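Visitor: I would like to go through some labels in this structure and hear what each one rests on.

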Amino acid sequence: MTQNGEETSPLRRPEVTGLHLAPDGPGRQSCTPMHEPTALPQDRSQAILEATKQIGAILKRAGHPFALAGSVAVYAHGGSRYLQHDADFAILPDDADAVAGTLRKAGLDVRVPPEDWLLKTTCHGQNVDIIFALAHQPVTRDMLDRAHVLPVDSVLMPVLCPTDLIHSLISAFSEHYCDFGSVLPVVRAVREKVDWDVVRAACGDQPMPAAFLFLLERLNVIDAQEDQP
């Protein structure tokens, strides 16, 4: 998923009220067909894409503003199809209750984890994160308006623009979370589509993001700033 790094100072989270665990009972499912062939191992990446398409279609039909995030968003922008984790969707904080209700009506369990910036569900056996804060910053209407409508395995849906996508990943780096190795191939895949001046202005003065940007420059992934040697 799109992981939020920990901060060394407390930050106010977007408050979402009224969320509760979906009760067990008839009608609850995980988008997994009752009978699936078991002769061959399941393609994990394809399962994640199927879950993405299912959740995206549900949100589209209900008219909820959203944008695909995380590794599947990178794939939609031309990155690797090798998906290891889950599907991520960015929504507005004020829409969290309504989105949870829509997913429950579609027969999905909606879970509220201890983290107060996302909801979780499961589809086709894959984890799906419904995120309303990226790197400790609330998802905004402007961010969703900047999303690109792209095909995701043949299904059109809004996808975070590359600049917002990379900004959300880099700005999450901190002393407690700085996995440069996992983000480097993502940046390589979309670097020509990113407005790096915007990324630098947004998080380039923070130690870990600045270190990663310096690494990208030394590896010739991105151009160095003109005012630097």
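The exchange below concerns a predicted model and takes up its strand pairing, salt bridges and burial.

Visitor: What makes S7 and S8 a strand pair?
Guide: Pairing needs at least two bridges. Five bridges join S7 (residues 148-152) to S8 (residues 155-159), so the two strands pair. They run antiparallel, and Val-152 stands opposite Val-155 in S8. Two residues lie between the strands of this hairpin, where Asp-153 takes a positive phi near 55 degrees.

Visitor: Why is the contact of Lys-53 with Asp-153 called a salt bridge?
Guide: The closest N and O atoms of Lys-53 and Asp-153 are 3.2 Å apart. The cut-off is within 4 Å, so the pair qualifies. Lys-53 lies in helix H1 and Asp-153 in the loop between S7 and S8, so the salt bridge ties together parts that are 100 residues apart in sequence.

Visitor: How do you know that Glu-50 also forms a salt bridge with Lys-53?
Guide: Their closest N and O atoms are 3.2 Å apart, and this is within 4 Å. Glu-50 and Lys-53 are three residues apart in helix H1 (residues 44-62), about one helical turn.

Visitor: Why is Lys-53 called buried, and Glu-50 partly exposed?
Guide: Buried means under 20% relative accessible area. Lys-53 has 16%, so it is buried. Glu-50 has 29%, which lies between 20% and 50%, so Glu-50 is partly exposed.

Visitor: What makes Asp-129 buried?
Guide: Its relative accessible area is 0%, which is under 20%, so Asp-129 is buried. Asp-129 meets Lys-120 in a salt bridge at 2.9 Å, N to O. Lys-120, at 24%, is partly exposed.

Methods:
Residues are numbered from 1 along each chain as its sequence is written. This is a predicted model: local features need pLDDT of at least 70, side-chain atom pairs count only at pLDDT 80 or more; totals for chains, interfaces and linings use all residues. Side-chain values use heavy atoms; hydrogens and water are left out. Helices (H or I, at least four residues) and strands (E, at least two) are DSSP runs, numbered from the N terminus. A salt bridge is a side-chain nitrogen of Lys or Arg within 4 Å of a carboxyl oxygen of Asp or Glu. Buried means under 20% relative accessible area, exposed over 50%, partly exposed in between (1.4 Å probe, protein chains only).
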